[in-house]
Structure formats: structure tokens, C-alpha cells
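Let's take a walk through this structure together, going from strands to a helix and then to the empty space inside. Keep the 3D view open as you read.

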Amino acid sequence: MTANSKIVLHHVGGRWGNHPFPRPPAFAGDFVELLYEADIDAIAAMHEAGKDHANELIVIPACLADGDGAHLCRKSCQYRRPDRGAPRRLPQGGICDVGIIEHLFEAYRFDFVVHFAAESHVDRSIRSLQSFLRTNIEGTRALVEAARRAWQGEVGHRFIHVSTDEVFGDLAPGDPPFAETSPYRPSSPYAASKASADHLVRAWQRTYGLPAIVINSGNNYGPWQFPEKLIPLMILSAIENRELPVYGDGLQVRNWLHVSDHCRAINAVIERGEVGSTYLVGGDSALPNLEVVRRICQAVDAELGRAAGTSEKLIRHVTDRPGHDRRYAVNSSFIRDSLDWHPLEQFEIALPALVRWYLQHKDWADTVRTGAYRRNFERQYKGRILGTMSP
Ligand SMILES: NC(=O)c1ccc[n+]([C@@H]2O[C@H](COP(=O)([O-])OP(=O)(O)OC[C@H]3O[C@@H](n4cnc5c(N)ncnc54)[C@H](O)[C@@H]3O)[C@@H](O)[C@H]2O)c1
């Protein structure tokens, strides 16, 4: 990012369930890293020049002001590059906390908002929707409204709303990939809540002139991803010789995008995106889930020196998720052509590298897979095991 006196309001929660992350989780954390990598000289210059909040990244975690959670969240913000860049402030409270959000906009006069925060797991949204409605809809409303008030009459701001291709529902085998003009047909409660958020952001853009841009991306993978998501769940289970629960026939096709490619897309949109536009972002690999799990098994076997085929024996087909979308595919030609973005990572190379990464970061994975995670896992998969089925 080339900004020289910009402040990025960076929403990323600090915990999952009751368990704080030891660093900003998933790709929001990678986005922080990308900004620091790109802008380290500019940040240093700002500080030498005595500009207090230059390029400060404000993290708003969903945790309370005191207790262990807050302590660990504070640690999480210092986890990366404590020696580099601007200090990161850590306000307490989530994005639904209108008072805090308004105060922050007033105090820091943000140039950009990158809105990552969400309740994001489809299975949990099927079991219990309340927190999805609150964070994804009410939280988004709190943010767009605060940005609207703070930015009235000013120019140069951007509100980047990070969303998903799941708002478009699913595709039949021969259908063309989703495009910016695809109709919204969300299948899951999670997708419906994200669709509502997208609509709110666009309504605030149209009605109040909020300088907003929506990004809908395909499935992400990469380091630090929370182990409730398919790829880290399967990698860690295979490493630990535990059953690999695959929903239904496992032939649901997903378009995989490396987190670093997504972060570069967000950065391109901040710098060059057109206000009011939507950008769809997808990777180059479309694969059925079962094939992804098999490739993970092969990579784990290779890394651990196990006989070929060992980990695949752990695959168990379990009762499918209700309403499970069969296929997603994303046409990214608009962002490719207009912003000169394209994915750099290749799934075939990045996946084995990711397996190595999780092996090297088992201590982190163990830290986050504590009480609440384990209870959720049990509820989700135990009792659904159907036994090994040939695909
Ligand atoms: N992971 C993917 O494949 C993918 C694909 C497309 C879009 N997205 C979108 O990207 C964003 C990040 O997804 P992720 O995979 O990193 O999910 P995640 O669940 O790992 O991260 C979301 C973060 O938001 C935080 N959060 C939840 N409620 C909050 C609140 N009220 N206030 C502040 N923070 C709160 C959570 O604590 C969590 O850390 C989401 O908006 C998601 O919809 C994800």
C-alpha cells in the first residue's frame, strides 16, 4: 500500500467462542502483514515525522475489557512484528458496539475501513443464528453508519466490505461461474446474513454516498486459518491420525484462493478500486472437497514419512450438511482486467507447503483448539459418521 498518512481500521476479532487467538486470525492477520511488508519505510518516516496515528492499524476484537480474553487479545496484537511499524491500539468491544465504533471514528479519523469481522462458519449458523444476525448484519450497520457520519463532506475514503461468493447460492455442473451481476440466492443462514450485509453496504453507498466497495471471494486457504474450516481441519486431523469427516459424497466443488492472493486483491481495491463497484475474486483451482482431502492425505504421508495411502484410510463420509451447496466457481475477469490483479499462488504447490506450515505450528493449533472448539467439533461430527464409503 502506498498511502503515506493513512490509517487503516482493521476489523478482526480476537477470539472464537471463548478462546482468544494468539494472533489476529485467518486472513485479516495476513492483510496486516501485507501492509507492513509493503509500507514499512513509509510507516517509519511517519513516526520520525511525529505523526501520531500514521498507518496505525486498529484492531477491534470481540472481547471484553478485562479478564483473560482481553489479556490474550492484547498479546495477539503484539504477536507479529513487535519491533516494526506503528504501535497498534486495542480498543475493547466488538463491531456491534455503536458507542465504541463512533468513538473510534471520531478519535482516529480513519481513511479506510476494511471490514473483515464476521461470524463465518456455515455449520454453526445452521445450529444457532443469533450471533450471525448480530455481527454480520447489525455489526455491519454500525460500521457503515459510523463511516457515513464521520466521512460526510470528505473525499478519499474507502469502505471495503469483505464478503463471500456464497451469497450467490450454488451452481449446477454446466453453469457459468458467478459474476458481479449474478443474482443473490444464499442457501445457508451464514450466506443469508452476509447477503444482508452486502445489501446494507450497497444501500449506504447509493443512498448516502458512502464510498463503499464490496469484494466477494471464493474459499480461502492459508496459514493461521482457524481449524473449523475444511483444509486446516483435515490437515490437523490427518497429522494426528484422527478420522477425516467428509460431508456426503465429498463431490462439492470449491474454488480455492490463497489468503495472500485475497489480501493483494483487497489492497488493489483500496488503492485503485472504483467506489460503488463489486469485485469477485477467485483462485485458479476448482476441486471437489474429497479430492482436496486426498491431496492433503498424500502431503501429510509424504511429510511424515508414512506409507502412501495411510492417511486416506482415515476418510469417513458423514451425513451431509443440510442445504449444502454443490458447486461454487468465480469469474474474476473484472478485477483481473480493471485492477491488474491475478492470483500468484498455485494450489498444487501451496497445499503441501501449508501442510508443512501446520506441522511447524502445531503448538498454535493446539492453543486454539481448546474447550469451545472441541465441544463444537463433537456436536458437529460425532454421531454423523456413516463409515467408509467408496466415493
Ligand atoms: N474464509 C473464507 O474462505 C472466506 C471466503 C470469503 C469471504 N470470507 C469473509 O472474510 C471474513 C473473514 O473470514 P475468516 O475466514 O477469517 O473468518 P474467521 O471466523 O476466522 O474470522 C472472523 C473474525 O471476526 C471476528 N468477529 C466476530 N464477531 C465479531 C464482532 N462482533 N466484533 C469484532 N470481531 C468479531 C471473529 O472473532 C473472527 O476472528 C468474513 O467476513 C468472511 O465472511 C471468508
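In what sense do strands S9 and S13 pair, and over how many bridges? Please keep in mind that this is a predicted model. Strand S9, residues 244–247, runs parallel to S13, and the two are joined over four bridges. If you would like one contact to look for, take Tyr 247, whose bridge partner in S13 is Val 318. Strand S13 covers residues 315–318, and its side chains alternate: Ile 315 and His 317 point one way, while Arg 316 and Val 318 point the other way. Both faces are covered, since these residues are all buried.

Now turn to another set of strands. Here three strands make an open sheet with mixed pairing, in the order S8-S10-S12. At its edges lie strand S8 (219–221) and strand S12 (285–288), each of which pairs on one side only. On average, neighbouring strands of this sheet are turned by 45° against each other, with direction ignored. Strands in a sheet are held together through backbone hydrogen bonds, in either a parallel or an antiparallel arrangement. For strand S10 (residues 253–258) and S12 the sense is antiparallel, again with four bridges. Within this part of the sheet, Arg 254 sits opposite Leu 287 of S12.

Next comes helix H8, residues 259–272. How does the distance between its ends compare with what its 14 residues should span? At 1.5 Å a residue the expected span is 20 Å, and the end C-alpha atoms are 20 Å apart, so the two agree. The helix is mostly covered, with ten of its 14 residues buried. Among them are Val 259, Asp 261, His 262 and Cys 263, as well as Val 269 and Ile 270.

Ile 270 also leads us to a distant part of the chain. Its C-alpha atom is 9.3 Å from that of Val 113, although 157 residues separate the two along the chain. Val 113 belongs to strand S5, residues 112–115. Is Val 113 buried or exposed? Its relative accessibility is 0%, so Val 113 counts as buried.

Finally, let's look for empty space. Rolling a probe the size of a water molecule over the atoms shows where such space is left. The count comes to five cavities of 30 Å³ or more. The second largest has a volume of about 60 Å³. Its lining includes Val 122, Ile 126, Glu 166, Ser 187 and Ser 188, together with Arg 321, His 324, Asp 325 and Tyr 328. By class, this lining comprises four nonpolar, four polar and three charged residues.

Methods: Residues numbered from 1 in each chain as written. Predicted model: local features only at pLDDT ≥ 70, side-chain atom pairs only at ≥ 80, totals over all residues. Heavy atoms only, no water. 1 Å grid on protein atoms, 1.4 Å probe; cavity = no way out; pocket = protein on both sides within 12 Å on 5 of 7 lines; lining within 4 Å. Points joined across faces, edges and corners; volume = space filled by probe spheres on them. Nonpolar A, V, L, I, M, F, W, Y, C, P; charged D, E, K, R; others polar. Expected span 1.5 Å × (residues − 1). Buried < 20%, exposed > 50% of the residue type's maximum accessible area, 1.4 Å probe, protein only. Pairing = 2+ DSSP bridges. Axes fitted to C-alpha atoms, helices over the stretch in contact; angles between N-to-C directions.
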